[in-house]
Amino acid sequence: MMGKESIIPRREAAKKMTKKNLYFQRLLFLRYLMAFFFFFNLYWLLAASLIKQVILLIPASMLLFSIGSACEFIRLFGHVAGIGRKQLFFTAWFFRLQLVVLVVLFLCTFFGLTEAIFPYITVERMLYIRGGLFLIGFFSCLGITKLNKILRNKDKHWQWISIFEEIDRKGE
């Protein structure tokens with residue numbers, strides 16, 4: 001039979017893992033969104049390099065920004081404290097810059113610049129490109145909104161963390 005002494009360390013370890021998991025999940029949507037944008041820009045860079053366009057500088061620079069954002073997420077892995085603006089500096093700028101790039105690309109599809117940016121896309125498929133750019137821009141807006149909530153501690157995960165820590169302090 002197990003004594004009470006062996007249960008207490010397990011309980012403390014479970015509390016520690018729960019807290020670490022709550023903090024990890026707080027940034028999960030942003031991690032996945034950043035990974036999506038990394039591959040979006042990588043594929044765009046590959047497509048632009050195949051036709052030797054000068055525009056390939058845009059996805060290449062976006063890839064560099066995404067590396068800075070990835071480094072921030074790696075550094076924050078296992079971080080069990082509040083998150084400040086300095087800790088997600090590159091991530092905030094990356095999502096804003098990505099949104100600007102997507103808006104410019106979306107607008108370029110209306111002004112006849114599609115052949116210069118997307119020479120491998122036919123005019124009949126341009127509606128799909130516009131819809132895709134709009135949808136990706138929408139997700140970028142969601143990422144910026146989520147990031148702002150995290151930085152102000154107004155997100156649901158922070159509320160769950162606060163409730164968990166309050167219960168833990170009370171010893172329930």
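**Three helices and a pocket: group meeting talk**

In this model, which is a predicted one, α2 and α3 are roughly antiparallel to each other, because the angle at which their axes cross is over 145 degrees. To put values on that, the axes of α2 and helix α3, the latter covering residues 57-76, come within 9 Å and cross at roughly 155 degrees, and the crossing in which α2 passes α3 is left-handed.

If you turn to the side chains, α2 brings Leu30, Arg31, Met34, Phe38, Asn41, Leu42, Trp44 and Leu45 to this contact, and they meet Ile58, Pro59, Ala60, Met62, Leu63, Ser66, Ser69, Ala70, Phe73 and Leu76 in α3. Sorted by class, the contact of α2 with α3 has 14 nonpolar residues, three polar ones and one charged.

Let me move on to the second pair. Here α3 and α4 have axes that come within 8 Å and cross at roughly 150 degrees, and α3 and α4 are therefore roughly antiparallel to each other as well, with α3 passing α4 in a left-handed crossing. On the α3 side the contact is made by Ile58, Met62, Phe65, Ser66, Gly68, Ser69, Glu72 and Phe73, and on the α4 side by Phe89, Phe90, Thr91, Phe94, Leu97, Gln98 and Val101. The residues of this contact of α3 with α4 divide into nine nonpolar, five polar and one charged.

That leaves the third pair, so how is α2 set against α4, at what angle and how far apart? α2 and helix α4, residues 89-108, pack at an angle of about 45 degrees, with their axes 12 Å apart, and that angle makes α2 oblique to α4. α2 passes α4 in a left-handed crossing, and the residues that make the contact are Leu30, Leu33, Met34, Phe37, Phe40, Asn41 and Trp44 of α2, together with Phe94, Phe95, Gln98, Val101, Leu102 and Leu105 of α4. By class, the contact of α2 with α4 has 11 nonpolar residues, two polar and no charged.

Finally, the pocket. The largest pocket has a volume of about 170 Å³, and its lining consists of Phe40, Tyr43, Trp44, Leu105, Phe118, Tyr120, Tyr128, Ile129, Gly132 and Leu133. Some of these names you have just heard, since Phe40 and Trp44 of α2 and Leu105 of α4 are among the residues of the α2 and α4 contact.

Which helix gives the most to this lining? It is α6, with four residues, while α2 (28-50) and α6 (126-151) each supply at least two. As for chemical class, the lining of the largest pocket divides into nine nonpolar residues, one polar and no charged.

Technical notes. Residues numbered from 1 in each chain as written. Predicted model: local features only at pLDDT ≥ 70, side-chain atom pairs only at ≥ 80, totals over all residues. Heavy atoms only, no water. 1 Å grid on protein atoms, 1.4 Å probe; cavity = no way out; pocket = protein on both sides within 12 Å on 5 of 7 lines; lining within 4 Å. Points joined across faces, edges and corners; volume = space filled by probe spheres on them. Nonpolar A, V, L, I, M, F, W, Y, C, P; charged D, E, K, R; others polar. Axes fitted to C-alpha atoms, helices over the stretch in contact; angles between N-to-C directions. Parallel < 35°, antiparallel > 145°, perpendicular 65-115°, else oblique. Left-handed = near helix turned anticlockwise from the far one by under 90°. Contact = heavy atoms within 4.5 Å.
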